[in-house]
Amino acid sequence: MIRKTQSNAPSRWRHSVSFITRLRSFFCMWGRGCGILAIVSAILSPARTAHAVSATGGDIVTNCTYAGVTYRAHIFTNVVTTNLSVAAGGNVEVLVVAGGGGGGNGLAGGGGAGGLIYSSLVAVVSGSNYVVTVGRGGAGGAKAAASGGANGSNSVFGSLTAAGGGGGAGYNSGGVGCVAAKSGGSGGGGLSGGAAYTNGGTASPVGQGYAGGNGGTFSGNYPGGGGGGAGSIGLNGISNTTGGQGGIGREYPQFASLGYGSPTGWFAGGGGGGTYMGGTAGSGGQGGGGKAGTAGGNNPGYQGTNGTG
């Protein structure tokens, strides 16, 4: 995730890709979201069977053990487009997480988590190359400008595309202009007050995450809504005092053995909603969501966890 320039923080896991195949073998890909490393896709496959999948590609290739079975993991961590080249085909597990959205500035909404796609059974064909793209996290809203957070970039594995998270709504502290929350894999959080700018962004396409929360009352501490996560909607700003919590992500314990996630095994949490003056900043959702900035003035949000989307 990336640091918010004002009171909101982006969601933690912006994007990544992982795959697991059985020795069985395992393949994973991570990218940066909002300045944070995220997972775009992962493949998990048994490593030591007569029909083990064999492939090359990934920034990290390692074995891991889950439920008594050894897997090979191919993990992509760099924000680039590359290939997974399959020598011996078969079925693999795949996790794809896009880059998370950036938080807005001012009376800001939290950034939405990157869209998450998981499949326990993806067929890969011998002699084939599969395009892998790790998305980048969206930038936070610029300080002292009417600027919402930018959407994260998509992450791709073959025919699977996880949509970048939606940017949070933003407000110019000089009072000129507002920017609405954006839709994405998970939606960005809404602005405090401001009629059309209050609502959180929607999750699009359906099934990769949840909507962002609405902003709170346009008075007091002007709390923004939390960004949506892969596992739940972002919470609304509370009255005129507290920023909304980011939506939680989803847990995949088979990936925890590789040490990824925040806490390990959890991915794609939404960023917390900010406050303008005083009050309580929203916390990031479980799965790497960044916490909003400390209350008061133009304090920056906290960076989300690398590799979580």
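Let's start at one pair of residues: Ala 55 stands opposite Val 86 of strand 6. That pair sits in a predicted model, and the strands around it are a good way in. Strand 3 and strand 6, the latter spanning residues 81-88, pair in the antiparallel sense through 3 bridges.

Stepping back, the open sheet is built from 5 strands in the order 3-6-9-10-11, with antiparallel pairing. Its edges are strand 3 (54-56) and strand 11 (160-162), each of which pairs on one side only. From one strand to the next, the twist averages 20°.

Now for the nonpolar interior. The largest nonpolar core has 17 residues, and Leu 84, Val 124 and Phe 157 touch the most other members. At least two residues of this core come from each of strand 6, strand 7 (90-97), strand 8 (116-124) and strand 9 (129-133). Val 124 is worth a closer look: beyond its neighbours within four places in sequence, its contacts are Val 53, Val 86, Gly 89, Gly 90, Val 92, Tyr 130 and Phe 157. A second, separate core holds 15 residues, among them Ile 75, Leu 116, Leu 258 and Tyr 260.

A word on confidence is in order too. The protein chain has an average pLDDT of 78, and 73% of the residues score at least 70. Two stretches stay under 50, and the table lists them with their contacts beyond four places in sequence.

| Stretch | pLDDT | Contacts beyond four places in sequence |
|---|---|---|
| residues 1-14 | under 50 | 164 contacts |
| residues 21-42 | under 50 | 254 contacts |

Methods
Residues numbered from 1 in each chain as written. Predicted model: local features only at pLDDT ≥ 70, side-chain atom pairs only at ≥ 80, totals over all residues. Heavy atoms only, no water. pLDDT = per-residue confidence, 0-100. Contact = heavy atoms within 4.5 Å. Pairing = 2+ DSSP bridges. Helix = DSSP H or I, 4+ residues; strand = E, 2+ residues; numbered from the N terminus. Axes fitted to C-alpha atoms, helices over the stretch in contact; angles between N-to-C directions. Core = buried A, V, L, I, M, F, W, Y, C linked by side-chain atoms within 4.5 Å. Buried < 20%, exposed > 50% of the residue type's maximum accessible area, 1.4 Å probe, protein only.
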